[in-house]
Amino acid sequence: MDFLITDGSIETLQPTVVKPNPGFFSQVQEERFRQLVNDHYELIRNTKIAFMFPVEYEDEFAKVKKRAADFLIQICGGPDYYAQTRGDSRMLARHARFRIDEEGRRIWLECYAQLLPSLEQEGIEPEYIQSFWNYLNVFSKLMVNTPSR
Ligand code: HEM
């Protein structure tokens, strides 16, 4: 496995997104998946991009975690909780009110890069973990809406 972050600067061409292998969600299962997303946001709390999130309002922060987990579970082939509660994903539009640049994207991704290795120790197939990473690495490029300073 490699958790390499490839260039997602706004100037680069739009990448082709490949959904994660459904084996990832099948093996990880919902409870552990939600824990992963929770842990990701808890790491974000201590980064330069924390200001973008309602980290000081536990109820609001819990909602962000839930929405993100719902979305990622859906994209990984799990239940469509996100569609049921939020409708169309419209990820670009939903991120548009935030100034997301390549540095912010890297910080966001590095938090996942810290967490994914433990899944292998828990018995998740490295190939599946890699496919989830590849999705995050590429899809996050689409969220970059602000040129690097
Ligand atoms: C694979 C990449 C990403 C995915 C799948 C993703 C997914 C999501 C989802 C599902 C939501 C909730 C949308 C809703 O309101 O229904 C969300 C919110 C948000 N995301 Fe992302 N995101 C990604 C990358 C990023 C990056 C790179 C940043 C910033 C560096 C970011 C910043 C935010 C912020 C600030 C919110 C709003 C939090 C709030 O509601 O207060 N996201 N994201």
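Gly 77 follows α2 and has a positive phi, near 95°. The model is predicted. Two other positive phi values belong to residues that are not glycine. Gln 29 has a phi near 70°, and Arg 90 has one of about 40°. Gln 29 sits in helix α1. Arg 90 belongs to the loop between α3 (81-86) and α4. Gln 29 is exposed, because 11 C-beta neighbours lie inside 10 Å and the cut-off for exposed is 12 or fewer. Arg 90 is exposed as well, with 10 other C-beta atoms within 10 Å.

**Helix α2**

Helix α2 covers residues 58-75. Does its span agree or disagree with 1.5 Å a residue? The 18 residues should span 26 Å, and the end C-alpha atoms are 26 Å apart, so the span agrees. The buried residues of α2 are Ala 69, Asp 70, Phe 71, Leu 72, Ile 73 and Ile 75. Their cover includes α1 and α3.

**Two crossings of α1**

Helix α1 runs over residues 22-44. Two packed helices are described by the angle between their axes and the distance between the axes. The table sets out these values for α1 with two partners.

| Helix pair | Axes come within | Crossing angle | Hand |
|---|---|---|---|
| α1 and α2 | 9 Å | roughly 145° | right-handed |
| α1 and α7 | 8 Å | roughly 115° | left-handed |

Take α1 with α2. From α1 come Phe 25, Glu 30, Phe 33, Arg 34, Val 37, Asn 38 and Tyr 41. They meet Phe 61, Val 64, Lys 65, Ala 68, Ala 69, Leu 72 and Ile 73 of α2. By class, this contact holds 10 nonpolar residues, one polar and three charged.

Now α1 with α7. Here α1 offers Gly 23, Phe 24 and Gln 27. Across from them in α7 are Tyr 128, Ile 129, Ser 131 and Phe 132. The residues of this contact divide into four nonpolar and three polar, with no charged residue.

**Phe 33**

Phe 33 is part of helix α1. Is Phe 33 buried or exposed? Phe 33 is buried, because 20 other C-beta atoms lie within 10 Å and the cut-off is 20 or more. Setting aside neighbours within four places in sequence, Phe 33 is in contact with Phe 25, Val 28, Ala 69 and Ile 73. Of these, Ala 69 and Ile 73 are among the buried residues of α2. Phe 33 and Leu 72 are 39 residues apart along the chain, and their C-alpha atoms are separated by 8.8 Å.

**Helix α7**

Helix α7 takes in residues 126-143. Its 18 residues should span 26 Å at 1.5 Å a residue; the end C-alpha atoms are 26 Å apart, so the two values agree. Buried in α7 are Tyr 128, Ile 129, Phe 132, Trp 133, Leu 136, Ser 140 and Lys 141. Which helices do these buried residues pack against? They pack against α1, α5 (102-115) and α6 (117-121).

**Leu 116**

Leu 116 lies in the loop between α5 and α6. Leu 116 counts as partly exposed, because 19 C-beta neighbours lie inside 10 Å and buried needs 20 or more. Beyond neighbours within four places in sequence, its contacts are Phe 3, Ile 129 and Trp 133. Ile 129 and Trp 133 are both buried residues of α7. Leu 116 and Met 1 are 115 residues apart in sequence, yet 9.9 Å apart in space, C-alpha to C-alpha.

**Around the ligand**

The ligand has 22 residues around it. Those that come nearest are Met 52, Phe 71, Gly 104, Trp 108 and Ser 140. Phe 71 is also a buried residue of α2, and Ser 140 is a buried residue of α7. Which helices each supply at least two residues of the shell? They are α2, α4 (91-95), α5 and α7. Helix α2 gives the most, with five residues. By class, the shell has 15 nonpolar, three polar and four charged residues.

Technical notes. Residues numbered from 1 in each chain as written. Predicted model: local features only at pLDDT ≥ 70, side-chain atom pairs only at ≥ 80, totals over all residues. Helix = DSSP H or I, 4+ residues; strand = E, 2+ residues; numbered from the N terminus. Expected span 1.5 Å × (residues − 1). Contact = placed C-beta atoms within 7 Å. Near = placed C-beta within 6 Å. Nonpolar A, V, L, I, M, F, W, Y, C, P; charged D, E, K, R; others polar. Axes fitted to C-alpha atoms, helices over the stretch in contact; angles between N-to-C directions. Left-handed = near helix turned anticlockwise from the far one by under 90°.
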